[in-house]
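Thanks for coming. Please have the sequence and the model open while I talk, and stop me if a term is unclear.

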Amino acid sequence: MDAPARTSKRNGSTLPRVRAVSRAIAILRAFSAHRPELALNEIVRATGLDAGTARRILVTLKDEGLVRQNASSGAYSASAGLLDLARAVPKNLTLNALLEERLIQLARDTQTTIYLSTVGADAALCAARHNGGQAIEVRWWAEGEERSFNRGTGPRVLLAYLDEDERNRILAGPLLLKDGEEQVLRRELDEIRASGFSVKHDEIAVGISAMAVPLMNDNGELLAAISSGGLTPRYIGAAQADLLSKMQAAAQDMQKSVRGFDL
């Protein structure tokens, strides 16, 4: 009898991974701007591979021009072949394109409206919006539209995670805050950085709530905010904890997808 045909999604998410490729990539990612040269034992510690496996992969990568070895010290480093590969990345590649599939999946998993927002000149910019399939879609923020940093959870998260000088500039000027409003907002931003998320109820409309988490790069720098809007019961109690867990897990997945990307 023939073996049953393997079914897989179009994106290959159900296919088994090639372990040798994953190991080679782990070695390449062990190098960084701060640690451009690594000895074999340092690569072993960074990747968790045994010395024999790591050395065989390094020899293969060296033969392919992706790794070089210092003839004097024996240390390894990335080589010019990686620059050649980097030139193949499309110049018009956007953050939205890198994250679109995962954003759509998050919308489906949470059955809410998911937003991707980035920092504009003096406001937050909606880069993408995806509905999870619920009959009620939160259309508060259209793709390409800007919102003040003190309106909505996504804009607040962006403001909270901006570097301090830029955050102070926006708080002191573009927001046009009234007496006492700046201190209230500052306390809220401190709470967002401490907790890692923002949640608001009834700000958009009665019965509608929202939640947002930051998307950071590998250096801990802000790239965007991922936010969710929907009916309030999804954002309180145990349901809120479940939603937050899904959003934080998605943000971690997205961080892997945008390695090396710079806004």
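Serine 198 has alanine 212, in E8, as its bridge partner. Keep in mind from the start that this is a predicted model. Serine 198 itself belongs to strand E7, which covers residues 198-201. E7 and E8 are joined by four bridges, and they pair in the antiparallel sense.

Is serine 198 buried or exposed? Its relative accessible area is 3%, and buried means under 20%, so serine 198 is buried. Setting aside neighbours within four places in sequence, the residues in contact with serine 198 are Thr153, Arg156, Val157, Ile192, Ala210, Met211 and Ala212. The bridge partner, alanine 212, is on that list.

Now the sheet around that pair. Six strands make up an open sheet, and the order is E6-E5-E4-E9-E8-E7, with antiparallel pairing. Which strands stand at the edges? They are E6, residues 146-147, and E7; each has a single partner strand, so one side of each has no neighbour in the sheet. Helix H5 packs on this sheet and touches E4, E5 (124-131), E8 and E9. The direction of H5 makes about 150° with that of E4. Helix H6, residues 153-161, lies across E4, E5, E6, E7, E8 and E9. Relative to E8, H6 runs at about 35°.

Next, the nonpolar core. The largest one has 24 residues, and those touching the most other members are Leu99, Leu103, Leu116, Ile226 and Met254. Which elements each supply at least two residues of this core? They are helix H5 (95-110), strand E4 (113-119), strand E8 (208-216), strand E9 (222-231) and helix H9 (237-257). H9 gives the largest share, six residues. A further core lies apart from this one; it has 23 residues, including Val138, Trp140, Leu162 and Leu185.

Isoleucine 226 is worth a look in the viewer. Beyond its neighbours within four places in sequence, isoleucine 226 is in contact with Leu103, Leu106, Ile114, Tyr115, Leu116, Met211, Ala212, Val213, Leu215, Met247 and Met254. Two names there have come up already: Met211 and Ala212 are also among the contacts of serine 198.

Staying with Met211, turn to glutamine 240, which is found in helix H9. Glutamine 240 and methionine 211 are 29 residues apart in sequence, while their C-alpha atoms are 8.9 Å apart in space. Not counting residues up to four places away in sequence, glutamine 240 touches Phe197, Val199, Met211, Arg234 and Tyr235.

Now the aromatic residues. How many aromatic pairs does the structure hold? There are two. In one of them, the ring centres of tyrosine 115 and tryptophan 141 are 6.2 Å apart and the planes are at 35°, so this pair is tilted. Tyrosine 115 is in strand E4 and tryptophan 141 is in the loop between E5 and E6, so to speak two distant parts of the chain, 26 residues apart, linked by the pair. Both tyrosine 115 and tryptophan 141 are buried. Tyr115, Trp140 and Trp141 together form one aromatic cluster. There is also a charge at Trp140: the charged end of arginine 147 sits over the ring of tryptophan 140, 4.5 Å from the ring centre.

The other sheet to discuss is an open one of three strands, ordered E1-E3-E2, with antiparallel pairing. E1 (37-38) and E2 (67-69) are at the edges with a single partner strand each, so one side of each lacks a neighbour in the sheet. Three bridges join E2 to E3, residues 76-78, in the antiparallel sense. Within that pairing, valine 67 stands opposite alanine 78 in E3. Helix H3, residues 51-63, packs on this sheet and touches E2 and E3. The direction of H3 makes about 105° with that of E2.

Last residue: glutamate 42, in helix H2, which spans residues 40-47. Glutamate 42 has 22% relative accessibility, so it counts as partly exposed. Apart from neighbours within four places in sequence, glutamate 42 is in contact with Arg35 and Glu37. How far is glutamate 42 from alanine 127 in space? The C-alpha atoms are 40 Å apart, and the two residues are 85 apart in sequence.

Definitions and conventions:
Residues numbered from 1 in each chain as written. Predicted model: local features only at pLDDT ≥ 70, side-chain atom pairs only at ≥ 80, totals over all residues. Heavy atoms only, no water. Buried < 20%, exposed > 50% of the residue type's maximum accessible area, 1.4 Å probe, protein only. Contact = heavy atoms within 4.5 Å. Core = buried A, V, L, I, M, F, W, Y, C linked by side-chain atoms within 4.5 Å. Pairing = 2+ DSSP bridges. Axes fitted to C-alpha atoms, helices over the stretch in contact; angles between N-to-C directions. Phe/Tyr/Trp six-rings, centres within 6.5 Å; stacked < 30°, edge-to-face > 60°. Lys NZ or Arg CZ within 6 Å of the ring centre and 35° of its normal.
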